[in-house]
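Open the model in your viewer and keep the selection panel at hand. The stops below go through pockets, a cavity and helix contacts, one selection at a time.

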Amino acid sequence: MSHSVYVFDAYGTLFDVHAAARKHMGSVGSESKKLSSIWREKQLEYSWTRALMGQYVDFWELTVQALDTAFTLVPEANKGARDELLSAYLELDCYPEVPQVLKELRERGSKLAILSNAPIKMMEGALRCAGITDYFDEVFSVDPTRTYKPHPEVYDLVTTHFRLYPEVISFQSSNRWDIAGATKFGMRTVWVNRSQMPDEYLDLSPAAVLKDLTGLPKLG
């Protein structure tokens, strides 16, 4: 099946969530990698917890809370780098193959969109710095649903907007849980397994697994 709409998760799929800590490694100290890992884990944990409680707090606030928790759990890290890290998170690097892949998909007439837990304002800086804003027809945030992925209402934002059935939309994410959610919703899913993680949710398998986005245009 040829897919005319490609939807991408943002953080971890298009944007490198650990770029901020790498950029300020000198300020953070030798535990910058550990800090970044916990920061990401807590950011996601807080989104799932808030979704289950039905108590929505936007993703930027959760990102700030997660960093503060990470500093508490990694006391060796220099908390004086907090503001630098938060500023850098608003301008994360995209992965090197991303611009070319988006260009190829656009040139063949595909529509492109982002579906992210983040508010639009949080993504604007990263899109601008990466120079990829103009590739996207739409950027969807979970904000209107007041919940987080993998709730089906989030994926429904895309199908409702484009007025398409889920199966004709290709959804790409580096997060296996996100792929499980989109698969359950009925989308064609492509897991971008950048970290070579073991497969999970075996009853909700992706249509394809890639090590990065390079091979996506060839999937059709």
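For the counts by class on this tour, Ala, Val, Leu, Ile, Met, Phe, Trp, Tyr, Cys and Pro are taken as nonpolar, Asp, Glu, Lys and Arg as charged, and the others, including Gly, as polar. Keep in mind that the model is a predicted one.

**Stop 1: the largest pocket**

Select Arg40, Ser174, Asn175, Ser195 and Met197, the lining residues that lie nearest the centre of the largest pocket. The full lining has 24 residues, and the pocket has a volume of about 750 Å³. Sorted by class, the lining of the largest pocket consists of ten nonpolar, seven polar and seven charged residues.

Now colour helix 3, helix 9 (176-185) and strand 5 (188-192); each of them supplies at least two residues of this lining. Which element gives the most to the lining of the largest pocket? Helix 3 does, with five residues.

**Stop 2: the second largest pocket**

Next select His18, Ala21, Arg22, Met25, Ser32, Lys33, Ser36 and Ser37, which line the second largest pocket. Helix 1 (19-23) and helix 3 are the elements that give two or more residues to this lining. The largest share, four residues, comes from helix 3. The space in this pocket is about 160 Å³. Its lining has two nonpolar, four polar and two charged residues.

**Stop 3: the cavity**

Rolling a probe the size of a water molecule over the atoms shows where empty space is left. How many cavities of 30 Å³ or more does the structure hold? There is one cavity of that size. The largest cavity contains about 60 Å³ of space.

To find the largest cavity, select Asp9, Tyr11, Arg40, Leu44, Phe59, Ser116, Asn117, Lys149, Asn175, Trp177 and Asp178, which line it. Helix 3 and helix 9 each supply at least two residues of the lining of this cavity. By class, four of the cavity's lining residues are nonpolar, three are polar and four are charged. Arg40 and Asn175 appear in this lining and are also among the residues nearest the centre of the largest pocket.

**Stop 4: helix 3 against helix 4**

Two packed helices are described by the angle between their axes and the distance between the axes. Show helix 3 (residues 32-53) and helix 4 (residues 59-73), whose axes come within 8 Å and cross at roughly 135°. That angle makes helix 3 oblique to helix 4. The crossing of helix 3 and helix 4 is right-handed.

For the contact, select Leu35, Ile38, Trp39, Lys42, Gln43, Tyr46, Ser47 and Arg50 on helix 3. On helix 4, add Phe59, Leu62, Thr63, Gln65, Ala66, Leu67, Thr69, Ala70, Phe71 and Leu73. Eleven of the residues in the contact of helix 3 with helix 4 are nonpolar, five are polar and two are charged.

**Stop 5: helix 8 against helix 9**

Finish with helix 8 (residues 152-162) and helix 9, which pack at an angle of about 65° with their axes 10 Å apart. The crossing of helix 8 and helix 9 is right-handed.

Which residues of helix 8 meet helix 9? Pro152, Tyr155, Asp156 and Thr159 do, and on the helix 9 side they meet Asp178, Gly181, Ala182 and Phe185. The contact of helix 8 with helix 9 has four nonpolar, two polar and two charged residues. Asp178 of this contact is also one of the residues that line the largest cavity.

Note on methods. Residues are numbered from 1 along each chain as its sequence is written. This is a predicted model: local features need pLDDT of at least 70, side-chain atom pairs count only at pLDDT 80 or more; totals for chains, interfaces and linings use all residues. Side-chain values use heavy atoms; hydrogens and water are left out. Axes are lines fitted to C-alpha atoms, for helices over the stretch in contact, and angles run from 0 to 180 degrees between N-to-C directions. Angles under 35 degrees count as roughly parallel, over 145 as roughly antiparallel, 65 to 115 as roughly perpendicular and the rest as oblique. A crossing is left-handed if the near helix is turned anticlockwise from the far one by less than a right angle, and right-handed if clockwise. Contact means heavy atoms within 4.5 Å. On a 1 Å grid over the protein atoms alone, a cavity is a set of points where a 1.4 Å probe fits but cannot get out, and a pocket is an open set with protein on both sides within 12 Å along at least five of seven lines; lining residues have an atom within 4 Å of a point. Grid points are joined across faces, edges and corners, and a volume is the space filled by probe spheres set on the points.
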